[in-house]
Structure formats: structure tokens, C-alpha cells
Amino acid sequence: MFDEVAKVKRIGIIVSILLASAAAPSFAKKAELSDADFAFEHVSCTGAENEIRVIVSGVKKSVGLVTVDLFPNREEGFLRGRGRIDQVKFAAKAPFTKLCLHAPESGLFALSAYHDENANGDFDKTGLGLPAEPWGISNNPKVRFAPPPVEKALFNVAAENGAHVNIDLN
């Protein structure tokens with residue numbers, strides 16, 4: 001019973017993302033960042049091995065939380081709660097929210113992010129099932145009628161240098 005409810009909820013979230021992306025304006029300007037932009041200080045940044053420095057762009061208001069999920073290089077579980085390796089939540093700061101998280105090892109990983117504007121801990125949807133809160137995926141792949149495969153969102157994390165990732169919210 002609980003597995004069926006969880007499955008329906010997962011499918012609903014994925015469908016919501018897909019429908020919202022089809023309706024999202026294609027003229028939105030994406031942030032162009034340099035390596036210097038990733039030289040920020042944040043309580044989550046420790047300089048440890050495999051550190052991923054993340055800039056979430058397109059945060060419209062400094063309210064609520066920005067949630068970022070880390071996923072392994074596996075199609076199974078990508079964009080699903082049970083498939084994530086780690087999750088961090090920090091106060092949203094417009095127009096960019098900057099934070100760090102750490103991969104368990106070097107290699108290929110993917111991220112997803114959303115702006116939990118009301119800080120209720122959920123990725124809210126409208127009555128039609130469309131996302132009511134901004135979201136994004138690493139590498140900012142175009143999302144049409146299906147979630148992107150994990151390979152479109154993968155980036156490399158190196159032990160010494162970590163990774164720099166920008167996620168543009170839709």
C-alpha cells in the first residue's frame with residue numbers, strides 16, 4: 001500500500017516537472033558565471049576533498065529555503081528521494097544562493113535543486129499538478145516531455161578540486 005502511494009507521488013512530481021518545463025518561457029536569460037564567482041564563503045564550505053560548490057541562479061526572493069539533492073551516476077533513482085545520496089537545505093538568497101555539499105568520492109554525479117519558497121519542506125504543486133516552486137537540474141538540460149536521463153545532468157567531481165556547478169531555476 002505505502003509503496004503504491006510513494007510510486008504515484010513520484011510519478012506526480014516527475015509529470016509536474018515535465019509539464020512546467022513545457023510551459024516555461026524559453027527566453028529566460030541564463031546566468032553566466034566564472035571561476036571567480038565560485039570563490040565564495042559559506043558555512044557549508046569546508047575545503048574538504050570532493051567538495052561541490054553550487055550556485056543556484058534565478059532565486060527571485062530571499063525567503064524560504066533552497067534544497068539541493070546529490071545523485072549518483074545511476075538512472076535508477078535519479079530525481080527520486082530514495083535515489084539521492086545527500087540533501088542540503090539553506091536559506092534562500094536572491095538572486096543567487098551559494099552553498100557546498102560533498103560527494104562521498106570522486107566521480108560523476110548529478111544535482112537537482114528547488115526553491116522551497118514557503119519553507120514547508122515539500123516541492124509544492126498547483127491544483128493542476130504543475131510545479132508551484134522554481135526548480136532546476138545540474139547542467140541545465142532542456143526538459144521537454146520526459147525527465148532528462150541522468151547522463152544529461154552529470155558532472156565530474158575531482159578529489160582536490162571538487163566541482164563547480166551552476167543550476168538555473170526554471
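Among contacts in the protein between residues at least 6 apart in sequence, 71% join residues at least 24 apart. The model on display is predicted, and the stops below follow such contacts through the chain.

**Whole chain.** Begin with the entire protein, coloured by secondary structure. The 170 residues contain 2 helices and 8 strands. Read from the N terminus, these elements follow the order α-β-β-β-β-β-β-α-β-β. Switching to a surface display shows about 9600 Å² of exposed area, 54% of which is supplied by carbon and sulfur atoms. Of the residues in the chain, 41% count as buried.

**The three-stranded sheet.** Next select strands E1 (51–57) and E4 (residues 96–102), together with strand E8 (163–168). They form an open sheet of 3 strands in the order E4-E1-E8, and the pairing is mixed. E4 and E8 are the edge strands, each pairing on one side only. On average, neighbouring strands of this sheet are turned by 20° against each other, direction ignored. Strands of a sheet pair through backbone hydrogen bonds, either parallel or antiparallel. In which sense do E1 and E4 pair? Their pairing is antiparallel and extends over 7 bridges. To inspect one position along it, select valine 56, which stands opposite threonine 97 in E4.

**The disulfide.** Keep E4 in view and add cysteine 45 and cysteine 100, which are joined by a disulfide with an S to S distance of 2.0 Å. The model has 1 disulfide. Cysteine 45 lies in the loop between helix H1 (2–23) and E1, whereas cysteine 100 belongs to E4; the pair links distant parts of the chain, 55 residues apart. Viewed along the S-S bond, the torsion is about 85°, so the disulfide is right-handed. Are the two cysteines buried or exposed? Cysteine 45 has a relative accessible area of 16% and is buried; cysteine 100, at 2%, also counts as buried.

**The nonpolar cores.** In soluble globular proteins, nonpolar side chains tend to be buried together. Display the side chains of Ile52, Val54, Val56, Val68, Leu101, Leu111 and Phe155, the residues with the most contacts inside the largest nonpolar core, which has 21 residues. At least two residues of this core come from each of E1, strand E2 (65–72), E4, strand E5 (107–116), strand E7 (155–157) and E8. A second, separate core has 12 residues, among them Phe78, Phe123, Ala153 and Leu154.

Now return to the largest core and centre on valine 54. Which residues does valine 54 touch, not counting those up to four places away in sequence? Its contacts are Phe40, Thr97, Lys98, Leu99, Leu101, Leu111, Val165 and Ile167.

**Aspartate 37.** For the last stop, select aspartate 37, found in the loop between H1 and E1. Cysteine 45 lies in that loop as well. Aspartate 37 has a relative accessible area of 29% and is partly exposed. Apart from its neighbours within four places in sequence, aspartate 37 is in contact with Glu32, Ile55 and Lys98. Lys98 is also among the residues touched by valine 54. Finally, draw a distance from the C-alpha of aspartate 37 to that of histidine 164: the separation is 9.6 Å in space, although the two residues are 127 residues apart in sequence.

Note on methods: Residues are numbered from 1 along each chain as its sequence is written. This is a predicted model: local features need pLDDT of at least 70, side-chain atom pairs count only at pLDDT 80 or more; totals for chains, interfaces and linings use all residues. Side-chain values use heavy atoms; hydrogens and water are left out. A disulfide is a pair of cysteine sulfur atoms within 2.5 Å. Helices (H or I, at least four residues) and strands (E, at least two) are DSSP runs, numbered from the N terminus. Buried means under 20% relative accessible area, exposed over 50%, partly exposed in between (1.4 Å probe, protein chains only). Contact means heavy atoms within 4.5 Å. Accessible areas come from the Shrake-Rupley method with a 1.4 Å probe; for residues, only the protein chains shown count as cover. Two strands pair if DSSP finds at least two bridges between them. Axes are lines fitted to C-alpha atoms, for helices over the stretch in contact, and angles run from 0 to 180 degrees between N-to-C directions. A nonpolar core is a set of buried Ala, Val, Leu, Ile, Met, Phe, Trp, Tyr and Cys residues joined through side-chain atoms within 4.5 Å.
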